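Me: Could you take me slowly through one part of this model and what surrounds it? I'm in my first year, so please explain the terms as you go.

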Amino acid sequence: SSCRCLAEVCDVTIIGVKPQMAQAALGDLKDSWGSKRSAGNTNPALVLSIMTGLQLSNLKRLLFTFSTSEAASRVIVVRAMPNTALLVCRGISAFTLDQLNLQQVASSKKTRGDEQALTQHATECVHGVLGGHVGVVVGPIQEHLLHAIVAYAGAPAWLAIFIESLSDAGVALGVPRVMANRFAAETCFGA
């Protein structure tokens with residue numbers, strides 16, 4: 001398939017499907033990640049998941065037949081969670097790396113670099129891919145912290161409710177709705 005061909009040659013692949021669709025979307029791609037990249041490319045390929053709730057351990061089961069396979073040693077697996085503000089390039093995203101996967105990639109004969117160098121490579125890739133679109137990128141962090149961050153900052157609907165309440169207060173004080181909305185939103189944006 002054309003998706004398999006891309007997975008075989010891409011330096012960075014972003015997986016952004018709903019978690020319940022992951023198995024169907026990734027089934028034909030198992031073990032293909034980075035398998036036909038240029039021989040001179042000593043940096044490992046990177047698979048970046050932005051799927052909500054799919055932990056790295058479960059993601060690796062979808063990507064590789066065995067997490068100890070040769071295929072797993074040529075790819076750094078990353079999980080990131082941008083928040084909804086990325087739609088206006090004002091978001092923030094955290095990302096996490098799988099330490100066992102990094103150790104495996106570091107010990108591969110096809111890859112040059114230790115875990116620290118590979119972490120730096122992955123960080124640069126994630127910043128390059130997400131940074132210009134998301135806004136701020138933080139990481140790598142521990143995976144359990146990613147869950148916590150998503151819980152309170154993933155979709156900041158609470159902020160919209162606050163802005164609406166602030167605007168309502170302006171309207172109650174006699175400010176026209178359009179003007180009250182703008183002042184409430186800009187006040188929060190500037191904070």
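Reply: Let's start with a pairing: strand 1 (residues 12-15) runs parallel to strand 2, and four bridges connect them. Two strands are said to pair if DSSP finds at least two bridges between them. Helices (H or I, at least four residues) and strands (E, at least two) are DSSP runs, numbered from the N terminus. Before going on, keep in mind that this is a predicted model, where local features need pLDDT of at least 70 and side-chain atom pairs count only at pLDDT 80 or more, while totals for chains, interfaces and linings use all residues. Residues are numbered from 1 along each chain as its sequence is written, and side-chain values use heavy atoms, with hydrogens and water left out.

Back to strand 2, the part to look at closely. On the strand 1 side, V12 has L46 of strand 2 as its bridge partner. Strand 2 also pairs with strand 3 (residues 75-82), again in parallel, through five bridges. One of the links there is between S49 and R79 of strand 3.

Now, where do the side chains go? In a regular strand they alternate between the two faces of the sheet. In strand 2, A45, V47 and S49 point one way, while L46 and L48 point the other way, and all are buried. Buried means under 20% relative accessible area, exposed means over 50%, and partly exposed is in between (1.4 Å probe, protein chains only). Because five of the five residues of strand 2 (residues 45-49) are buried, the strand is largely enclosed by the rest of the structure.

R79, the partner of S49 in strand 3, is worth a second look. It counts as buried at 2% relative accessibility. R79 also forms a salt bridge with E143, with the closest N and O atoms 2.9 Å apart. E143 lies in helix 6 (residues 143-153) and R79 in strand 3, so the pair ties together parts that are 64 residues apart in sequence. A salt bridge here is a side-chain nitrogen of Lys or Arg within 4 Å of a carboxyl oxygen of Asp or Glu, and the structure holds seven of them.

Another salt bridge involves the loop that leads into strand 2: the side chains of R37 and D11 meet with 2.8 Å from N to O. R37 sits in the loop between helix 2 (22-26) and strand 2, and D11 in the loop between helix 1 (2-9) and strand 1, so to speak two distant parts of the chain linked across 26 residues. R37 counts as buried, at 15% relative accessibility, whereas D11 is partly exposed at 42%.

The loop between helix 2 and strand 2 also holds N41, which is partly exposed at 27% relative accessibility. N41 and D11 are 30 residues apart along the chain, and their C-alpha atoms are separated by 9.2 Å. D31 belongs to the loop between helix 2 and strand 2 as well. Phi of D31 is near 70°, a positive value in a residue other than glycine, and D31 is partly exposed, with a relative accessible area of 22%.

What comes after strand 2 in the numbering? Helix 3 (residues 56-63) has L56, L59, K60, L62 and L63 buried. These residues cover an arc of only 160° around the axis, which puts them on the same side of helix 3. The arc is that of the directions from the helix axis to the C-beta atoms. As background, an α-helix has 3.6 residues a turn, so residues three or four places apart point the same way.

Helix 6, home of E143, has an interesting loop before it. P140 is in the loop between strand 5 (135-138) and helix 6, and a cis peptide bond, with omega about 5°, joins G139 and P140. Which residue touches both of them? T123 is in contact with F95, G139 and P140, leaving aside its neighbours within four places in sequence; contact means heavy atoms within 4.5 Å. T123 itself is in helix 5 (residues 115-134) and counts as buried at 12% relative accessibility.

One more salt bridge to finish the tour: the side chains of R177 and D168 meet at 2.8 Å, N to O. R177 is partly exposed at 36% relative accessible area, and D168 counts as partly exposed at 35%. Elsewhere, salt bridges that share partners join R4, E8 and K36 into one network.
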